[in-house]
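This briefing goes through a structure by topic, from salt bridges to strand pairing and one surface patch. Please keep the sequence and the 3D view at hand while reading.

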Amino acid sequence: MIALTQLFFLSLLSIFCNTNVAPVFSQCLEDQKSLLLGLKNSLLFNYSASRKLVRWNQTTDCCSWDGVECDVAGHVISLLLDKEIIFSGIESSEDLFRLSYLQKLNLAFNSFDGIQIPTRLQNLTNLTHLNLSNAGFGGQVPNEILSMRSLVSLDLSSYFPGIPPLKLESPNLQMLVQNLTGLRELYLDSVDVSAQGSNWSQVLSSSLPDLRNLSLCGCYLRGPIDASLTKLRSLSVLLLDRNNLASEVADFFANFSRLTTLSLSSCSLVGSVAEKIFQLHSLQKLDLSDNLQLSGTLPQFPPNGSLRTVVLSYTNFSGSLPESISNLVMLSRLELSNCSFTGPIPPTIANLTELEILDISSNNFTGSLPLFQSSKKLTYIDAAHNSLTGLLSSKHFEGLKDLEYINLGQNLLGGSIPSALFALPSLQKLQLSNNEFHGQVKEFSKPSSSLLEVLDVSSNHLQGPIPKFFSELEQLKVLSLSSNFFDGTVQLEMFRNPNLARLELSYNDLFVDSTRTNSSLPMLPSISVLNLASCKLQKFPELARHLKLFRLDVSSNQLKGEVPNWIWEIGNDTLTHVNLSFNELHGFQKPYKFPSLTLLDLHSNKFQGELPIPPFFSVYVDYSFNYFSNSIPKDIGNFIYYASFFSVSNNHLTGEIPTSICNATFLQVLDLSSNALTGSIPPCLPMENWSLGVLSLGRNNFSGNIPDTFSVNCSLKTLDLNSNVLKGKIPASLVNCPLLEVLNIGNNGIEDTFPCMLMNTSLRVLILRSNKFYGDLQCSGAIQGWSNLQIIDISTNNFGGDISLLSFSNWKGMISVNENQSLYNHLRFDYLKLSGYYYQDAVTVTMKGLEMELTKILVVFTSIDFSRNKFHGSIPRTIGDLESLYLLNLSHNALTGLIPTSIKNLRQLGSLDLSVNHLTGKIPQELASLTFLSFLNLSFNRLLGKIPQGPQLQTFSAASYEGNAGLCGFPVNISCNDEVRGENSSPELQNGQLYPETEIEWSYISAALGFAVGLASTIWLLLCCKRWRKIYFEQIDRILLKIFPLTDGRKGRVNTNQVRGP
């Protein structure tokens, strides 16, 4: 009996084994081989790339061919011809469609060049799996697909570049799924199913009850996601990325008990995500990234959570990272970049033993970086752009032999850089820029074994000589050491890294000696980007033989004389970026010819003579702050046709603006300011250059009217025409510029009323000073309509009217600091955004009685200057609503009444000038509460009574109160106990206005004299001593950076200090 049982078991085992391994031993039928060889012969494919078809031949069993699988009888049941780079022939092949036993067909990742899906696929009646993804098919999905009712898996996804997407219009999605009801897997990524409208959810759920995998990424779907999807009870994978669903993440997703993957990236999702979705027991992958309006917080994760991938990058998720993150024991990928998370990174995150990718960059995480010793599988860590503090130690990444990428840039990490980082065996990229690291970098003993390709330690406080091992890292491609305190003498030939393509040594205390000591050694043989700004260079480095160099920055050095002509021959016309700014160069060695540069920066040198003709394909040209003279070449517009930025400001140019400049229709910034240009402004300039964002023509001698030709698609953000001899009116067509933020037409001869028509623009700065404007400011609420206005200067005009009728309550830009101002803290115009370039707006204001140029208009700076006009009436109480106002000047008008007590609300006020008016009554005691007030002038009014006492008011001299005979108390020399205080005496009244008596005020003269002497000395040093000038401006920038953290840059540009590939 036992023997019979064993015999029966062995028989069953034999049958089982034969069934499963039969395809391996089955013999190909001749007719099947013939069909396959016929198919091969009909196809055009890439023989060098083929790994399957190229090996098919008559001498071998076809069931053993790569890509072919047979059943036990020798019939071909599976044909996998993916990635064979087949070009054509599939549509005309007779043999393929006669493989009647075929169950699986895979033609994915081929190149069929937009042909329609073959209609004869319907002949393959036994086909259960059809994969045509990314094969280059195009056009309408044929009706014949509807008859393939045996299909359980269909993949028509297509990301094929240059080929119009497949369409499901006729048949549409509904017809497809109503016929193929047996589908369990449906992949239609990038297939246009928009004809289905927004009812795709109902269509799928009503026709495919057994659906398990659904991928409809980039299918032009519209939302919302309907609850009918819950009928798909077997659903395991749901991918809906890149659709405009514009809806919330529905709570019902938490009811899919078998759901393992949910991906809704880039779907314009809104609202808040329910925490229970994260706690779904079956869920392994969750991707909600690239939905900027989607918010939520992370829950407390239950023990032994199933999540393996969590991607929330570029959403508005906030809150803290819970310590229970360690309960996700299978988590391998966590991406939370560009969100709003705060608080410390929980140390429990280091317990995630399966973690491979961690990206928490661009948040507000604080505290120290956890130790990752237990996360042995880590390959990628990005915690850049946070507020992390503390030290890095050798233990942070100890034992992480697979770690390839570390980015901790843009934090507050300090201490020294541990040398153990350089010993990580797999590390390829190390980015530690923009931190507080200091001290010397210790030498590393085995640089040749390192795989490091990118090393960026720029913008720290590192000191001492450049470590020797930096130059011995054989795989190194990018070395960025800029903006530190490295010192010593450097010879470029010391960098023996054979693959070094990008070297940045700018802004240290280095002396780069460009003299070759051994010309037989190749110097930087692979270099393509060389940044040597502020390296005390006294001569150009010898780079004539460098064939790969395309970017050269030798700005802020000690280069003098002429630019050698071999510079322009570097790389055999590969040179594209040249920055020679901030040197003492005065000309070009002849003959010379600019190569096809896209960036040419010559500003702040001593170049003379005529303007050099820019390279034809240039995008950025800066000739400003030189001594170029004569006129602008008449055909200049033909050479800057592709330019985005063109500046010749602060030269000695004469003549008129050539009309050819209107041909440069790609210009975003045009700056011709501070020259001696004459004539009229060409009408074609604002009409044809519709992409212009900045037009700066100030401080010239332009005459005539401002052209009334601003186009309807005007993009202007800054229009600066100040200090010319323009006349006429503000052009009405300026209303076509809704993005206008800065309008400066001060110091001209414009004769017009207040520009009420600009109420629909985005004005932040309005300068009309020193013109011939007249009338009042009452224009149907227009002046109250500028909610962004932060600087208005209409001084020295003939404006009039009752100032008490003005309401300042709607001037939102001066009431409170906008929360979004942290995104950019000074006014600027960004252009070439991917390269980080911007134009710095500047404006002149009268502050503390002096004219000052604000080269950086901080968004927190606010001012009102209505001085030297003919306003009358009392100061409105609503002036107190402007709580962030810094400067208020209403002097030299005919204002009456009391100083409003609401002025106490102006807690940010630093300068107040109400002098030379008819103000009466007492100085309000509330004025003493303005602790930031550093300038006060109430002189020549009719104020009386005791001057209020307060720590700030006591710092002002008697000059702030003179001409008010009724005032008493400190600091005026009139005691409030005197019975007679000259109350009947008053300043002279001439022509209805108050003026001080013609008496010499020695306090003013001595102060002015001292200021003039100090200013003259400062200016002399700034002009004549370059080193002192550099130190001075660096200190100014450091002070500004501490008060208002700014992007590192200078006028017209910003140095992003980002590592970019060669």
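Does R769 count as buried or exposed? With a relative accessibility of 8%, R769 counts as buried, since the cut-off for that class is under 20% relative accessible area. The model is a predicted one, and the points below describe its salt bridges, its strand pairing and a nonpolar patch on its surface.

**Salt bridges**

- The structure holds 13 salt bridges, among them the pairs R769 with D793, K377 with E354 and D752 with K729.
- In the pair formed by R769 and D793, the closest N and O atoms lie 3.2 Å apart.
- This pair links distant parts of the chain, 24 residues apart, with R769 in the loop between β51 and β52 (774–775) and D793 in strand β53 (residues 791–793).
- D793 counts as buried at 3% relative accessibility, and R769, at 8%, counts as buried too.
- K377 and E354 form a salt bridge whose closest N and O atoms are 2.6 Å apart.
- Here too the pair links distant parts of the chain, 23 residues apart, since K377 is in the loop between β20 (364–367) and β21 (380–382), while E354 is in the loop between β18 (340–344) and β19 (357–359).
- K377 is partly exposed, with a relative accessible area of 37%, and E354 also counts as partly exposed, at 23% relative accessibility.
- The side chains of D752 and K729 meet in a salt bridge with an N to O distance of 3.9 Å.
- D752 lies in the loop between β50 (749–750) and β51 (765–767), and K729 in the loop between β48 (725–728) and β49 (742–744), so that the pair links distant parts of the chain, 23 residues apart.
- D752 is buried, with a relative accessible area of 11%, whereas K729 counts as partly exposed at 47% relative accessibility.

**Strand β3 and its partners**

- Strand β3 (residues 76–80) is largely enclosed by the rest of the structure, because four of its five residues are buried.
- Strand β2 (residues 68–70) runs antiparallel to β3 and is joined to it by three bridges, with V76 in β3 as the bridge partner of C70.
- β2 and β3 form a hairpin with five residues between them, and in the turn G74 has a positive phi of about 95°.
- β3 is also joined by three bridges to strand β5 (residues 104–106), to which it runs parallel, and in this pairing S78 stands opposite K104 in β5.

**A five-stranded open sheet**

- Five strands in the order β24-β26-β28-β30-β32 make up an open sheet with parallel pairing.
- The edge strands of this sheet are β24 (414–415) and β32 (509–513), each of which pairs on one side only.
- β24 pairs in the parallel sense with strand β26 (residues 436–439) over two bridges, and G415 stands opposite F437 in β26.
- As a general point, strands of a sheet pair through backbone hydrogen bonds, in either a parallel or an antiparallel sense.

**A nonpolar surface patch**

- F616, F617, Y641, Y642 and F666 make a nonpolar surface patch of about 480 Å².
- Of these residues, Y641 is found in the loop between α5 (636–639) and β42 (645–647), and Y641 is partly exposed, with a relative accessible area of 33%.

Conventions: Residues numbered from 1 in each chain as written. Predicted model: local features only at pLDDT ≥ 70, side-chain atom pairs only at ≥ 80, totals over all residues. Heavy atoms only, no water. Buried < 20%, exposed > 50% of the residue type's maximum accessible area, 1.4 Å probe, protein only. Pairing = 2+ DSSP bridges. Patch = residues over 30% accessible without salt bridge, like charges linked within 9 Å, V, L, I, M, F, W, Y side chains within 5 Å. Areas by Shrake-Rupley, 256 points an atom, 1.4 Å probe, with all protein chains shown as cover. Salt bridge = Lys/Arg side-chain N within 4 Å of Asp/Glu carboxyl O.
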